Amino acid sequence: MNILRHFAKKILAFKTDLFRRLEKPMYKKMGEFKVIDKLVNDFYEIMSTDPVAEDCFATHSGKDIRESAEKLKYFLSGWTGGPQMYLEKYGHPRLRGRHFPFKIGAKEGDQWLYCMRKALLKSPIDPGVQEELLRAFEGITKLVQNQD
Ligand code: HEM
């Protein structure tokens, strides 16, 4: 009986969680694609000009930054619950695998987050939502880190 109640509770919690996500996906909370577009433009503008982020920027050497920015915008659209633009154009993001060719340590990860924090501050995104995003980005920087 207890087990049944336990599972019923779990299913209810899962459904509530799912409903909340459907009701207010991050994509909507952020302000949809126009905000993602500005956020990523600011992010790469900061990364390419702020000396604090030079190691992170250096990993992009030889890359067309406009293309890198477009990929990040497309990824963020789908990842936040909006249109799956990255998936449609490039397939599954496989973020860990796609970052393998670049030297990414804790330093590069911190610099990536530094640029994103600055770009978020320039965005119209609600401060609580900015924090939520930063926590999630922190998780991805750990995922793509491939050396100390
Ligand atoms: C930890 C620090 C990070 C560094 C140094 C880094 C560096 C890079 C570099 C050099 C590229 C290749 C750019 C290109 O192909 O034009 C790239 C691609 C990409 N990065 Fe990162 N990245 C980092 C973290 C992240 C995070 C946190 C995200 C997601 C929130 C992300 C999402 C992407 C995406 C979607 C691509 C495109 C992948 C592809 O199609 O090849 N990266 N990154």
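**Helices, core and ligand shell**

Arg94 is exposed, as only 10 other C-beta atoms lie within 10 Å, and the cut-off for an exposed residue is 12 or fewer. The model described here is a predicted one. Arg94 sits in the loop between helix 6 (85-90) and helix 7, and its phi is positive, about 35°, although the residue is not a glycine. Most residues other than glycine have a negative phi. A second residue of this kind is Glu32, which is not a glycine either but has a positive phi of about 65°. Glu32 belongs to helix 3. Is Glu32 buried, exposed or partly exposed? Glu32 is partly exposed, because 14 C-beta neighbours are found inside 10 Å, and this class lies between the limits of 12 or fewer for exposed and 20 or more for buried.

With these two residues placed, the overall fold can be introduced. The protein has nine helices and zero strands, so that reading along the sequence gives the pattern α-α-α-α-α-α-α-α-α. Its C-alpha atoms fill a box of roughly 60 × 35 × 30 Å along the principal axes. Of the 148 residues in the protein, 16% are buried. Among contacts with a separation of 6 or more, 75% link residues that are 24 or more positions apart.

Helix 8 is a good place to look at the packing. This helix has 16 residues and spans 22 Å from its first C-alpha to its last, close to the 22 Å expected at 1.5 Å a residue. Which residues of helix 8 are buried? They are Glu108, Gln111, Trp112, Cys115, Met116, Ala119 and Leu120. The cover over these buried residues includes helix 3, helix 4 and helix 9. Lys118 also has its place in helix 8, but this lysine is partly exposed, because 17 other C-beta atoms lie within 10 Å and 20 or more would be needed for a buried residue. The C-alpha atom of Lys118 is 7.8 Å from that of Ile46, although the two residues are 72 apart along the chain.

Cys115 of helix 8 leads on to the nonpolar core. In soluble globular proteins, nonpolar side chains tend to be buried together. The largest nonpolar core here comprises 20 residues, and Phe43 and Cys115 have the most contacts inside it. Two or more residues of this core come from each of helix 3 (32-49), helix 4 (54-58), helix 5 and helix 8. Beyond its neighbours within four places in sequence, Cys115 is in contact with Phe43, Ile46, Met47, Asp50, Ala53 and Cys56. Ile46 thus appears twice in the picture, as a contact of Cys115 and as the partner in the C-alpha distance from Lys118.

The ligand comes last. How many residues surround the ligand? There are 23, and the closest are Ser68, Lys71, Phe75, Trp112 and Ile140. One of these, Trp112, is also among the buried residues of helix 8. At least two residues of the shell are supplied by each of helix 5 (65-79), helix 7 (95-99), helix 8 (106-121) and helix 9 (127-144). Helix 5 gives the most, with five residues. By type, the shell is made up of 12 nonpolar, six polar and five charged residues. Helix 5 and helix 8 therefore take part both in the shell around the ligand and in the largest nonpolar core, where each gives two or more residues.

Key. Residues numbered from 1 in each chain as written. Predicted model: local features only at pLDDT ≥ 70, side-chain atom pairs only at ≥ 80, totals over all residues. Near = placed C-beta within 6 Å. Helix = DSSP H or I, 4+ residues; strand = E, 2+ residues; numbered from the N terminus. Nonpolar A, V, L, I, M, F, W, Y, C, P; charged D, E, K, R; others polar. Core = buried A, V, L, I, M, F, W, Y, C linked by C-beta atoms within 7 Å. Contact = placed C-beta atoms within 7 Å. Expected span 1.5 Å × (residues − 1).
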